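Got your viewer open? Load the model and follow along, selecting as you go.

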2 protein chains.
Amino acid sequence: MARLAGVSPATVSFVLNRTPGQTISDETRQRVLRAVAELDYRPNRAAQGLRHGRSATIGFVSHDSDFGVFAAAAIKGAHEVSIRHGNLLLLVNTGGSTRQAAQLVGELLDRQADALIFAVAGTKSVVVPEEAARVPTVLLNCFVPDDAFPSILPDEVRGGREATQALLGLGHRDIAYLTGTTSAWATKARLRGFREALRGAGLDPRNHTVLSGNYHADSGHELTRKLLRHRGPLPTAIMCGNDRMAVGALLALLEAGVRVPEDVSVMGYDDQFELAGEVRPTLSTVRLPYDAMGRLAAEELDAGGPAVQTGRTLVHCPVVLRDSTAAPAPRAGA
Amino acid sequence: MARLAGVSPATVSFVLNRTPGQTISDETRQRVLRAVAELDYRPNRAAQGLRHGRSATIGFVSHDSDFGVFAAAAIKGAHEVSIRHGNLLLLVNTGGSTRQAAQLVGELLDRQADALIFAVAGTKSVVVPEEAARVPTVLLNCFVPDDAFPSILPDEVRGGREATQALLGLGHRDIAYLTGTTSAWATKARLRGFREALRGAGLDPRNHTVLSGNYHADSGHELTRKLLRHRGPLPTAIMCGNDRMAVGALLALLEAGVRVPEDVSVMGYDDQFELAGEVRPTLSTVRLPYDAMGRLAAEELDAGGPAVQTGRTLVHCPVVLRDSTAAPAPRAGA
DNA sequence: CTGAAAGCGCTAACAT
DNA sequence: ATGTTAGCGCTTTCAG
């Protein structure tokens with residue numbers, strides 16, 4: 001014990017914490033510091049936590065069957081700002097089961113987590129274990145029907161709109177949309193943005209092909225083949241539900257000898273790490289700012305307010321233009 | 001306090017923990033349990049930890065600039081078995097900096113983490129903060145020069161060898177290898193496995209093209225184009241440093257009108273989540289069992305032995321055959 | 001069979 | 001200006 005080394009029990013605490021309103025003689029301070037250095041003593045934060053009722057720990061609940069790209073990015077963001085505030089992340093994965101979620105939130109609370117981040121990969125409505133309400137909790141990429149917890153969500157409508165506008169800006173007038181899973185919240189929102197943008201440019205969405213897929217690369221491949229088979233003139237641009245579908249589309253187009261972006265532009269969505277920026281041609285896409293969302297969540301929590309600020313915060317998804325999009329080739333009919 | 005509800009202070013502890021060698025009358029037990037249920041009381045694990053000197057928490061140090069696919073998989077595995085043993089993961093990311101690593105290991109230790117997992121995405125030698133030695137520590141996908149900590153590593157030589165043997169088994173005799181970053185441990189090991197397999201089949205590795213890339217999709221693309229430009233007869237199979245390079249290769253081949261697997265077989269490495277199984281054709285590859293490695297690490301730690309069992313544990317990387325490989329087409333010269 | 005008491009490592013209020 | 005005391009919530013001898 002540092003106390004043996006010096007000659008004081010709680011004085012150490014005063015010195016180490018610079019307790020305000022406490023004045024310590026320079027001599028003792030030195031003595032303490034020397035002892036601390038010698039034993040390289042570090043306060044036991046579990047004990048501090050017990051005293052303070054605060055563990056300097058934030059529970060991160062990944063409510064998915066797997067940790068994936070989403071969780072990794074969100075965790076990175078949350079970690080980054082938590083660290084800055086002296087907090088660490090206590091991580092659990094529920095496997096997507098509501099029962100497991102309740103169980104694990106219990107474990108987190110037992111360990112006195114000061115706050116909770118509840119995150120899901122595919123934006124959607126979730127059931128949050130009610131015990132979560134005992135501490136400040138933020139929902140990341142998900143929400144509850146009554147908005148009892150504050151949510152942080154990507155602004156998918158705007159993302160879809162701006163992606164479409166980017167294409168329109170390049171001169172495209174015939175844009176096909178290969179959607180992700182139709183039932184998904186994000187799919188609907190992106191599609192809505194797509195239609196808004198078309199209407200905004202004076203075009204009729206009903207003249208534009210929309211095909212339903214499932215967010216997997218092979219569905220992008222398949223739908224693009226359908227596009228190639230069935231239509232007369234190919235659209236000059238293809239928007240895809242996400243980057244993986246875009247990669248599938250790319251493969252199908254190349255197989256058919258269609259050049260990207262000379263003959264057709266392709267737009268993804270997600271800006272998926274190690275994918276969008278690396279395929280050839282590199283993919284124009286919309287950045288899903290999971291890391292920023294994680295940061296935001298942690299900021300709300302670290303700020304620590306009783307934090308039952310409610311409501312939904314939408315985070316902007318910026319368009320990232322790379323090589324898979326270009327102005328359409330002048331058409332014969334033009 | 002549950003104690004108020006019943007009429008006992010520490011008896012609660014006996015009941016809840018079924019303390020061996022303690023015998024409790026059925027009546028009191030019921031009383032306690034009823035009170036516990038009513039207040040849905042749960043013991044404070046921070047306090048338990050303080051008492052026991054054990055936090056039921058394992059520190060997971062991701063020593064990379066980012067959380068990525070690797071960390072996500074390894075964490076998933078480690079989480080899975082930790083949970084089963086009643087432990088939770090306390091997660092930190094060092095950004096790859098040794099100084100940050102020391103700092104964060106400090107934070108973990110201050111919070112009384114019972115053990116540490118130190119993980120890196122690209123297999124390599126690392127500098128582990130020396131304080132890590134205060135608790136059982138396992139190195140995941142990395143090692144220290146003197147093997148002072150036990151390491152868990154993928155068996156890359158065998159992976160490379162078996163991937164090559166799979167191709168040889170299909171009848172391929174001319175296999176090109178597009179490597180990842182040459183300086184990487186994994187690259188060398190996989191290449192060694194490649195050569196061992198060739199020699200094992202009575203072939204001379206020097207007759208096989210080996211081109212150096214960097215594990216990114218675009219380098220797979222570029223090297224494949226080089227292959228297409230420079231060589232007379234294309235090899236019948238191309239092994240790639242990883243799946244992303246394989247996707248690059250796929251794109252380049254399709255662009256050139258070369259069919260996969262009819263004209264050329266392509267083999268990846270990693271079995272990357274959401275990639276290898278989804279591109280068209282689906283990628284034959286070697287599974288890098290990061291989740292299993294994570295599980296293994298947690299198992300060694302949860303077993304909790306003083307656990308300074310040292311040495312390196314190699315984990316098998318099984319070949320996964322999908323659609324991008326097939327028997328070579330009969331050649332004119334054959 | 002159960003309660004009282006001490007103590008894990010720390011800090012906040014209260015004496016000195 | 002420093003040291004004492006009590007207590008955070010739990011477990012564990014040790015007496016009853």
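The stops below run from the DNA to a sheet and then to a single glycine.

Before you click, note that this is a predicted model, where local features need pLDDT of at least 70, side-chain atom pairs count only at pLDDT 80 or more, and totals for chains, interfaces and linings use all residues. Residues are numbered from 1 along each chain as its sequence is written, chains are lettered from A and ligands numbered from 1 in the order in which they are written, and side-chain values use heavy atoms, with hydrogens and water left out.

**Stop 1: DNA strand C**

Select DNA strand C and the residues near it (a heavy atom within 4 Å of the strand). You should get 26 residues, with A:N44, A:R51, B:T23, B:S25 and B:T28 coming nearest. On the DNA side, 69% of the strand C atoms within 4 Å of the protein belong to sugar and phosphate.

Now colour that surface by class: ten residues are nonpolar, twelve polar and four charged. Here Ala, Val, Leu, Ile, Met, Phe, Trp, Tyr, Cys and Pro count as nonpolar, Asp, Glu, Lys and Arg as charged, and the others, Gly among them, as polar.

Next, show the helices (DSSP runs of H or I, at least four residues; strands are E runs of at least two; both are numbered from the N terminus). In chain A and in chain B alike, α2 (11–17) and α4 (45–52) each supply at least two residues of this surface. Which helix gives the largest share of it? That's α4(A), with four residues.

Zoom in on the polar contacts (pairs of N or O atoms within 3.5 Å):

- A:N44 puts a backbone N or O atom 2.6 Å from a phosphate oxygen of strand C.
- B:T23 has a polar side-chain atom 2.5 Å from a phosphate oxygen of strand C.
- B:T11 has a polar side-chain atom 2.9 Å from a phosphate oxygen of strand C.

**Stop 2: the sheet**

Select the strands in this order: β11(A)-β5(A)-β4(A)-β3(A)-β1(A)-β2(A)-β2(B)-β1(B)-β3(B)-β4(B)-β5(B)-β11(B), an open sheet of twelve with mixed pairing. At its edges, β11 (312–315) of chain A and β11 (312–315) of chain B each pair on one side only.

Stay with chain B: β5 (151–154) runs parallel to β11(B) over four bridges (DSSP needs at least two for a pair). There, B:P154 has B:V315 as its bridge partner.

**Stop 3: B:G159**

Finally, select B:G159 in helix α7 (156–170) of chain B. Buried or exposed? B:G159 is buried (under 20% relative accessible area, 1.4 Å probe, protein chains only), at 0%. Beyond its neighbours within four places in sequence, B:G159 is in contact (heavy atoms within 4.5 Å) with B:Y269, B:V286 and B:C317.

Note on methods
Polar contact = N/O pair within 3.5 Å; in protein donor to acceptor, adjacent residues only side chain to side chain. Buried < 20%, exposed > 50% of the residue type's maximum accessible area, 1.4 Å probe, protein only.
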